[in-house]
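Q: Please take a close look at a single part of this structure, the nonpolar core and the aromatic rings associated with that part, and describe what is found there.

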Amino acid sequence: MTDSATPTPPGGPVGPVPRGGKAATTGGVTEEKMPVWLFRTIIGAIAAVVLVVGYLIASVTVPLVWANSIKGQVGGSLGNSIPLGMFYGFTFTFVPILILWQARRSTLHRWARISLAAVGVLLSIPNLMTLGVLYGTTQTSTDARSIWANSANWFGTWSQVFMVIGVVCAVAVIVLGRMWLRRGRKIREIKAAEKLVRDNERAREKAQREAGSAAEKAAKEAARAERRHGSKPTDTPQD
């Protein structure tokens, strides 16, 4: 005769780990789970180290790469540095601001807003690199400025001027756009109110016409009934 009871494992009964538990038992061995705060701290520390290392590498390499890139685009003619600086300064300031402004719209999906913000930041990188060359304190930035002084002397100046113009134009577009939308909304509200007034007047006139028609019809019926009543012969008493 066999015992129907289920044998107990050597390490004791294994049951489900309750939510929020910090330990799990497997074969009698207790495994400690990493706390959430510790996991987030480790991830944050790794991200900070990556950012610092990336910044150090970029501060050494990016200014020279960007300065040589602008030098190649100028093509040896200093006059080309003016329109090139105007283009970079305006385009990569005006467009990112408008894109970042759209990213603040709460009606968009969260990932759409994140994507717009990322695109806006990426488009502003050329101007950020220009400012890094012009105002950087590292030796690499100094070398990059010397490259521009010899091959693209006016690029930095005109780029900064049109960065400011790009900001002003973007703000003006945003303000005028909001005013235009507000004006359109008010016009639609006024038209809706006027339409409501017209509909009410039509309904009132229709009700008055129907009431007049009903009164006229009632008067005709009363007159017809009166004529019928008046045309009946009267009975005369006989002696």
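A: In this predicted model, a good place to begin is Ile70, which, once its neighbours within four places in sequence are left aside, is in contact with Leu84, Tyr88, Trp148, Ala152 and Phe155. These residues recur in the description of the largest nonpolar core, a set of 13 residues in which those with the most contacts inside the core are Trp66, Ile70, Leu84, Tyr88, Trp148, Ala152 and Phe155. Helix 1, helix 2 (81–102) and helix 5 each supply at least two residues of this core, and the largest share, 4 residues, comes from helix 1.

The aromatic side chains deserve separate attention, since a search of the whole structure finds 8 aromatic pairs. In one of them, Phe87 and Tyr88 meet edge-to-face, with 5.6 Å from centre to centre and 75° between the planes. The two partners differ in their surroundings, in that Phe87 counts as partly exposed at 44% relative accessibility, whereas Tyr88 counts as buried at 10%. Tyr88 also pairs with Phe155: the ring centres are 5.9 Å apart and the planes stand at 75°, so this pair too is edge-to-face. That pair links distant parts of the chain, with Tyr88 in helix 2 and Phe155 in helix 6 (residues 155–231), 67 residues apart. Phe155 itself is buried, its relative accessible area being 0%. Taken more widely, Trp66, Phe87, Tyr88, Phe92, Trp148 and Phe155 form one aromatic cluster.

For context, the chain contains 6 helices and 2 strands, and, read along the sequence, these follow the pattern β-β-α-α-α-α-α-α. Of the 239 residues of the chain, 18% count as buried, and among contacts between residues at least 6 apart in sequence, 66% join residues at least 24 apart.

Two further residues help to place the core in its setting. Thr140, which lies in helix 5 (residues 139–151), is buried with a relative accessible area of 11%, and, apart from its neighbours within four places in sequence, Thr140 is in contact with Ser59, Val60, Pro63 and Leu64. Ile46, by contrast, is found in helix 1 (residues 36–74) and is partly exposed, with a relative accessible area of 48%. Ile46 belongs to a nonpolar patch on the surface, formed together with Met34, Trp37, Leu38, Phe39, Ile42, Ile43 and Val50, and the patch has about 800 Å² of accessible area in total.

Terms used
Residues numbered from 1 in each chain as written. Predicted model: local features only at pLDDT ≥ 70, side-chain atom pairs only at ≥ 80, totals over all residues. Heavy atoms only, no water. Patch = residues over 30% accessible without salt bridge, like charges linked within 9 Å, V, L, I, M, F, W, Y side chains within 5 Å. Areas by Shrake-Rupley, 256 points an atom, 1.4 Å probe, with all protein chains shown as cover. Salt bridge = Lys/Arg side-chain N within 4 Å of Asp/Glu carboxyl O. Buried < 20%, exposed > 50% of the residue type's maximum accessible area, 1.4 Å probe, protein only. Contact = heavy atoms within 4.5 Å. Core = buried A, V, L, I, M, F, W, Y, C linked by side-chain atoms within 4.5 Å. Phe/Tyr/Trp six-rings, centres within 6.5 Å; stacked < 30°, edge-to-face > 60°.
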